[in-house]
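This report describes selected strands, helices, cores and charged pairs of one model. Please keep the sequence and the structure in view while reading.

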Amino acid sequence: MKKICRFSAILLAVLAVFALFTPASAADRMLRLSTLAPLTTIDPHATVNIQDRMVIYQVYEPLYRQNEATGEYEPRVAESYTISEDKLSYIFKIRKGVKFHNGEDLKASDVVFSLKRAMESPKVRSYLASVTDVTAPDDYTVVVTHKQPNSAFINTQTNIMIISRKEVEKQGKEFGSKLALAGTGPYFFTHLQHDVEWTCEAFADYYRGQAPIKKVHYAPITEASAGLIAFESGELDWYIAPIANWNALTSNPNFKTQLVPANHTSFLAINYLRPPLDDDNIRKAIAYAIDKEAMNIACYDGHAVIADFMIQPQNTGAPTKGVVYNYDPEKAKEYVKKSAYPNGTHVGTINCSAGGYFEKMAQVLQSNLLDIGLTCDINRLDSATNMEMSRSQRYDMITTGFSPTGDYEGWRMYSYTKMVGSYYVKYEGEKFDYKTMDALWDAGIATFDLAERQKIYSQLSDWLANTATQIPIFHKVQPYVWTPDLNIPVNYPNYPQICEWSWAK
């Protein structure tokens with residue numbers, strides 16, 4: 001009997017030690033991800049930075065989400081909507097049973113609070129530019145009233161996340177900089193060091209069902225090559241790889257890979273308020289000097305799609321013909337000769353985010369300009385500083401990009417004069433007939449006739465192109481790579497939906 005007891009004790013001790021060294025089960029395994037920049041904020045109304053949004057969109061939800069793969073609008077916080085007979089109001093029925101991460105039920109009053117708060121935010125108010133009022137007739141109905149018909153609102157509202165009024169008011173000015181339980185999404189933050197790391201856990205009471213992967217860890221890795229090393233060494237489970245390494249990655253049987261066209265436009269913005277860029281001929285010379293294909297090869301090994309327009313054709317209302325700048329160095333030289341600087345000049349500095357493909361775009365552009373007698377410098381900045389300088393027009397030129405949400409209206413925030421704090425180029429003033437531009441923007445969303453919208457946006461596209469201030473370069477691709485034990489039903493063009501992922505059994 002003593003021998004049996006002794007054996008049982010030894011067995012229990014061995015099992016206990018074995019448990020310490022046994023890999024975590026799939027239910028407990030941490031998903032390890034990275035971003036190209038530290039989090040600037042976790043306040044969804046205080047950022048349009050794509051690196052922030054890749055994380056924030058796992059935690060917060062809008063009324064409706066647009067499926068990036070299909071283009072369809074999927075109910076989230078709202079379960080349905082109707083449009084009033086006069087086309088001035090959207091009436092949303094709020095889904096019952098939606099809980100915030102703090103355990104409290106979401107009510108229409110939280111939606112009203114969220115939309116009105118977003119209307120005051122310089123970062124996202126452009127998405128609500130035509131909204132005049134938001135009301136809640138009852139706990140599960142929200143009426144959004146516009147000053148004019150807005151055919152694009154179901155699209156633009158996808159950018160506005162619904163948050164808990166109680167949580168925001170409790171934290172006050174600190175909201176966005178510390179942990180909060182203000183979202184309704186599949187994950188909530190459990191640890192937060194903006195510059196170092198942050199973690200999320202699956203929300204058990206998520207109304208669409210708890211996410212299969214329960215824990216997620218993020219760390220910013222600003223150099224793409226360093227991120228790839230981290231992935232290849234097993235420190236990351238999914239990564240947006242440098243395109244230069246694509247062939248090697250696709251031939252490696254230890255990895256899964258997919259090249260996904262992104263709904264994203266990379267472009268050059270030119271600040272015409274600064275001489276010599278105030279010279280129309282100099283800006284047009286720059287536009288024709290850009291070798292878009294050379295940039296494509298340098299940045300994406302030729303896999304990106306050359307952009308003629310700021311918005312891709314698959315976006316609602318996007319033009320397919322009009323004023324386009326193609327690479328023509330001889331024509332560029334002619335414009336230099338017609339300018340106030342016929343012998344060439346220094347045109348300032350190109351700002352870019354350091355370490356990524358925007359820097360490569362700037363390097364190619366610098367070479368292109370030299371070919372036509374124009375010189376410039378390159379200023380490599382961290383992403384947050386670069387964004388702040390560009391939004392306040394403290395730059396000469398900038399290589400940058402944006403991701404519209406499936407509708408031409410998505411470009412409004414980059415040009416409409418009332419969107420102070422979100423545009424790169426300030427058109428209001430004596431230089432351009434900006435009132436015509438603003439009127440075209442307003443006319444474009446006032447009609448629900450798609451053919452008419454496209455006609456209006458073609459005029460708008462030409463107006464903006466003729467200013468030679470925002471020159472589309474290419475529509476990038478996303479080179480995704482991940483570990484074979486990670487099941488991903490769909491890799492979306494811009495924003496991953498981690499709640500759909502799972503570990504292989």
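## Terms and basis

Buried means under 20% relative accessible area, exposed means over 50%, and partly exposed lies in between, with a 1.4 Å probe and protein chains only. Helices (H or I, at least four residues) and strands (E, at least two) are DSSP runs numbered from the N terminus.

The model is predicted: local features need pLDDT of at least 70, side-chain atom pairs count only at pLDDT 80 or more, and totals for chains, interfaces and linings use all residues. Residues are numbered from 1 along each chain as its sequence is written, and side-chain values use heavy atoms, with hydrogens and water left out.

## Strand β17 and its sheet

Strand β17 covers residues 397-402, and six of its six residues are buried, so the strand is largely enclosed by the rest of the structure. On one side the buried residues are M397, T399 and G401; on the other they are I398, T400 and F402. Both faces of β17 are therefore covered.

β17 belongs to an open sheet of six strands with mixed pairing, in the order β14-β18-β13-β17-β15-β16. The edge strands, β14 (305-306) and β16 (374-381), each pair on one side only. Two strands count as paired if DSSP finds at least two bridges between them. β13 (residues 265-270) pairs with β17 in the antiparallel sense over six bridges, and I270 has M397 as its bridge partner. β15 (residues 345-353) runs parallel to β17 and is joined to it by two bridges; here I350 stands opposite M397. Further along the sheet, β14 and β18 (residues 470-475) run antiparallel and are joined by two bridges, with I306 opposite F474.

## Helix α3

Helix α3 spans residues 108-119, twelve residues in number. From first C-alpha to last it reaches 17 Å, close to the 16 Å expected at 1.5 Å a residue. The expected span is 1.5 Å times one less than the number of residues in the helix.

The buried residues of α3 are A108, D110, V111, V112, F113, S114, L115 and A118. They pack against β5 (89-94), β6 (131-138), β7 (141-146) and α5 (165-171). Contact here means heavy atoms within 4.5 Å.

## Nonpolar cores

A nonpolar core is a set of buried Ala, Val, Leu, Ile, Met, Phe, Trp, Tyr and Cys residues joined through side-chain atoms within 4.5 Å. The largest one has 58 residues, and those with the most contacts inside it are L63, F92, I94, V111 and W411. Apart from it lies another core, of 41 residues, including A304, L365, A468 and I471.

W411 touches M310, I311, F402, W441, L464 and Q470, leaving out residues up to four places away in sequence. Of these partners, F402 is one of the buried residues of β17, and V111, listed with W411 in the largest core, is one of the buried residues of α3.

## Salt bridges

Side chains of opposite charge can pair when their charged atoms come close. A salt bridge is a side-chain nitrogen of Lys or Arg within 4 Å of a carboxyl oxygen of Asp or Glu. The structure holds 23 of them.

R29 and D485 form one, with their closest N and O atoms 2.6 Å apart. The two residues are 456 residues apart: R29 is in the loop between α1 (2-21) and β1 (30-35), and D485 is in the loop between β19 (477-482) and β20 (486-487). R29 is partly exposed at 25% relative accessibility, as is D485 at 26%. Both belong to a network of salt bridges that also links R32 and D237.

R274 and D396 meet in a salt bridge at 3.3 Å, N to O. R274 lies in the loop between β13 and α8 (280-289), and D396 in the loop between α12 (383-391) and β17, 122 residues apart. R274 counts as partly exposed at 31%, whereas D396 is buried at 13%.

## A buried acid without a salt bridge

D438 is found in helix α13 (residues 434-446). What is the nearest side chain of opposite charge to D438? It is K418, 4.2 Å away, and D438 is buried yet has no salt bridge. Lys and Arg count as positive and Asp and Glu as negative, while His and the chain ends are not counted. Setting aside neighbours within four places in sequence, D438 is in contact with Y416, T417 and K418.
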